[in-house]
Amino acid sequence: MTPMKKKTVWAASPYLVWMTAFIAAPLAIVLYFAFTDKAGRFTLANITGLGAYTTVFARSIVLAAAATAICLVLAFPVSYLLSRLRPANQRMMQMLLMLPMWMNFLLRTYAWMSLLEMNGIINRFLGLFGVGPLHLINTSGAVVLGMVYNYLPYMILPLYTIMVKIDSSVIEAAQDLGANAFRVLTRVLIPLSMPGITTGITMVFVPSISTFIISRMLGGGSNLLIGDLIELQFLGNSYNYNLGSAMSVVLMAIVLLCMSFTTADTEEMEAMV
Amino acid sequence: MKRRRALSNACFVLIFSFLYLPIAVLIAFSFNESKSRSVWGGFSLKWYENLFHNEMVLKSFGVSLAVAFAAASVATVLGTLAAIGISRMSRRARGVVMAVSYVPVVNPEIITGVSLMLLFVVMRTGVNGAVSRLLGREAEPFGFGLGTLLIAHITFCLPYVIFNVGPKLRQLDPAIYDAALDLGCSPRQAFFKVVLPQLTPAILSAFLISLTYSIDDFIISYFTSGTVPTLPIAIYSMTKKRVSPEINALSAILFVGILAIILASNAVDSTRERRLRRAARREEGRG
C-alpha cells in the first residue's frame with residue numbers, strides 16, 4: 001500500500017461525472033422515452049407498436065447476417081494466407097488491407113454508388129458484351145455488397161491476429177497423421193481460430209445491422225433497415241422520439257443477444273478495442 | 001509448393017482489386033472533364049479548383065479539425081486521470097466503471113447518437129426554460145451546435161483513452177514510484193517525473209486514436225451537431241444533393257494525405273526499429 005493509493009482514486013472523479021451525465025443518463029432517457037407516451041405517461045404501446053415493422057427488423061437481421069457470412073468466407077482464406085507470409089511481408093500486406101479503412105465510409109460507399117448505377121461503369125462494361133443494363137443499385141444485394149466492402153477488414157483483423165499464433169508445425173503434424181485438407185480445416189484451423197471468428201462476427205454484424213447510410217445510398221427507398229427507421233423518428237419526417245427510442249431499445253437487445261453468443265469474456269472485448 | 005504460392009498470390013490480387021478498384025475509379029474520375037461518373041470526357045483539374053472555392057467544404061473541414069483537436073485533448077486529459085483513478089479502485093468499483101465505459105464502444109453508433117441527442121433535447125428544454133423564467137423573458141442559451149458536438153466527441157473518445165492508458169498503467173512497477181518517494185520526491189514530483197514519462201507513448205497513441213475517430217465520425221455527429229456541419233456531414237449532403245466530381249476530388253486529396261501520413265509513420269517506426277536492433281547488436285558485441 002503506497003500513499004498514492006487512497007488519494008489518487010479521486011483522479012477519476014471528473015470522468016465519473018462525465019460518464020454519468022453523458023453515457024448513463026442518455027441511456028436512461030432512451031429507456032424513459034421508450035416506455036412513455038407524448039404526455040409522459042407510462043405505456044407499452046411503443047414496444048407493441050413495433051409489430052408493424054417486423055419486415056424491416058427481419059430484413060435488417062437477414063442482410064446483416066448475409067454480409068457477416070460473406071465477410072467470414074472471404075476473410076478466412078485471406079487471413080490464413082496472410083499469417084503464413086514472411087513477417088516483413090505480413091506487415092506490408094496488413095497495412096495495405098487496412099488502408100481503405102482510413103477513407104471515410106461515406107466516400108467508400110459513394111464509390112460503389114457510381115459503379116453500380118444504371119449507366120455506371122459496371123453496366124457500361126457489360127454493355128460492351130451486349131449484356132444488361134442490369135438492375136444493380138437500389139437492391140438488397142447492393143446493400144449487402146456495401147456492408148461487405150465497408151466491414152471486411154473488421155473480419156480480417158481479428159482472424160489474422162489469432163491465426164499468426166497458430167504454429168505451422170501443428171498443421172503439418174495433422175497432415176503427417178493423415179488428415180486431408182478438409183479435415184485440417186475443420187479439425188485444426190477452425191477450432192484454433194474460434195476466438196478470432198467470434199470477435200470478427202460481432203465486429204461486422206453490429207455495424208451492419210445498425211447502419212442507415214449504406215441502405216440509403218445503395219438500397220434506394222425500398223430497402224429500409226432498423227437504422228433508417230430510427231433515423232426517421234429522430235431527424236426525418238416521422239418525428240416520434242418515443243417510437244424511435246423503443247426501436248433503439250430493441251436494436252440494443254438484438255446486439256446484446258448477438259454478443260452474448262459470440263463474446264465469451266471481457267478480455268476479448270478489450271482486444272476488440 | 002509453387003502451385004500453392006501462385007494460389008496465394010491470386011487470392012491476394014483478388015482481395016486487393018476488390019478493396020482498391022472502387023477507390024481507384026473514384027479518384028480517376030476526379031480528373032474527368034465531364035460531369036459524368038462513368039464516361040471519360042478528357043483530363044481536367046477543374047473539380048479540384050471548384051473544391052478549393054467550395055465554402056461549405058472548407059468551413060466544415062475547419063470545424064472537423066477544431067472539434068477533433070479540442071475533443072482529443074480533453075478526452076486524453078480526462079481519460080488519463082480516469083485511468084489512474086480507476087487503477088486504484090476496489091475490484092468491484094472498477095468492474096462497474098469499466099462496464100459503463102464499454103457502452104459507447106460496443107453500442108451501435110446510431111444508439112450513442114440518438115441517446116445523446118435526446119439528452120440534449122431534454123437539457124435544452126430544461127436549461128432554456130429555467131433561464132427564461134429567471135430573466136423573465138424568452139432566452140435560448142443552450143442549443144445544438146459546436147458545444148453539443150464537442151460533448152459527443154469527447155464522450156466517444158474517452159473509452160479509447162482509458163483502454164489505451166489503463167493496461168500500460170497496470171504494467172508499471174509500483175516500486176519505481178516508491179523509490180522516487182524514498183529518494184526525496186514529493187508525490188507530485190514522483191508523478192510528473194517518474195510515472196508520467198513512462199505513460200507518454202500510451203497517452204500519445206490515445207490522443208492520435210481520438211483524433212482520427214473524431215475526424216472520421218459521421219453518425220454520432222449527424223445526430224448531435226444541429227446545423228454545424230463537420231466534413232463528413234458536408235460529404236453526406238454532397239452525395240445527397242447532386243452528382244458532382246468535387247466529391248471525387250476530395251476523396252483523392254484525402255486518400256493521398258492519409259497514404260502520406262501512414263507511409264511516414266511506418267518509415268519512422270522502421271528506422272526506430274533498425275536503430276534498436278543495431279543498439280542491441282552492439283550490446284551483444286560488448287558482452
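The following dialogue introduces selected features of a predicted model.

Visitor: To begin with charged residues, what allows side chains of opposite charge to pair?

Guide: Such side chains can pair when their charged atoms come close. In this predicted model, the count over all chains comes to four salt bridges.

Visitor: Which residue forms a salt bridge with A:D37?

Guide: The partner of A:D37 is A:R41, and the closest N and O atoms of the two are 3.5 Å apart.

Visitor: Are these two residues buried or exposed?

Guide: A:D37 is partly exposed, with a relative accessible area of 25%. A:R41 has a relative accessible area of 55% and is exposed, because the cut-off for that class is over 50%.

Visitor: Which residue forms a salt bridge with A:R216?

Guide: A:R216 forms a salt bridge with A:D228, and their closest N and O atoms are 3.4 Å apart. A:R216 belongs to helix α11 (residues 213-219) of chain A, whereas A:D228 belongs to helix α12 (residues 226-234) of chain A, so the pair ties together parts that are 12 residues apart in sequence.

Visitor: How should the accessibility of A:D228 be read: is this residue buried or exposed?

Guide: A:D228 has a relative accessible area of 1%, which means that this residue is buried, the cut-off being under 20%. Its partner A:R216 is partly exposed, with a relative accessible area of 27%. In addition, a network of salt bridges links A:R216, A:D228 and A:E231.

Visitor: Turning to chain B, which residue meets B:E33 in a salt bridge?

Guide: The side chain of B:K46 meets that of B:E33, at 3.4 Å from N to O. B:E33 is in the loop between α1 (2-28) and α2 (46-52) of chain B, and B:K46 is in helix α2 of chain B, so this salt bridge ties together parts that are 13 residues apart in sequence. Both residues are partly exposed: the relative accessibility is 33% for B:E33 and 30% for B:K46.

Visitor: Which residues form a positive surface patch?

Guide: The patch is formed by B:R272, B:R274, B:R275, B:R278, B:R281 and B:R282. One of these residues, B:R278, is placed in helix α11 (residues 246-286) of chain B. B:R278 counts as partly exposed, at 44% relative accessibility.

Visitor: The backbone may be considered next. Which value of phi does A:N138 have?

Guide: Although A:N138 is not a glycine, its phi is positive, at about 60 degrees. A:N138 is found in the loop between α7 (121-128) and α8 (140-163) of chain A, and is partly exposed, with a relative accessible area of 35%.

Visitor: Where is A:Y239 found, and what is its phi?

Guide: A:Y239 is found in the loop between α12 and α13 (241-262) of chain A. Its phi is near 50 degrees, a positive value in a residue other than glycine. A:Y239 is partly exposed, with a relative accessible area of 48%.

Visitor: Finally, where is the place of A:P26, and is this residue buried or exposed?

Guide: A:P26 is in helix α2 (residues 13-34) of chain A. With a relative accessible area of 0%, A:P26 is buried.

Visitor: Which residues are in contact with A:P26, leaving aside its neighbours within four places in sequence?

Guide: A:P26 is in contact with A:A21 and also with B:S115, B:L116 and B:L119. As for A:S140, it lies 114 residues from A:P26 along the chain, and the C-alpha atoms of the two are separated by 33 Å.

Methods: Residues numbered from 1 in each chain as written. Chains lettered and ligands numbered in written order. Predicted model: local features only at pLDDT ≥ 70, side-chain atom pairs only at ≥ 80, totals over all residues. Heavy atoms only, no water. Buried < 20%, exposed > 50% of the residue type's maximum accessible area, 1.4 Å probe, protein only. Helix = DSSP H or I, 4+ residues; strand = E, 2+ residues; numbered from the N terminus. Patch = residues over 30% accessible without salt bridge, like charges linked within 9 Å, V, L, I, M, F, W, Y side chains within 5 Å. Areas by Shrake-Rupley, 256 points an atom, 1.4 Å probe, with all protein chains shown as cover. Lys, Arg positive; Asp, Glu negative; His and termini not counted. Charge placed at Lys NZ, Arg CZ, Asp CG, Glu CD. Contact = heavy atoms within 4.5 Å.
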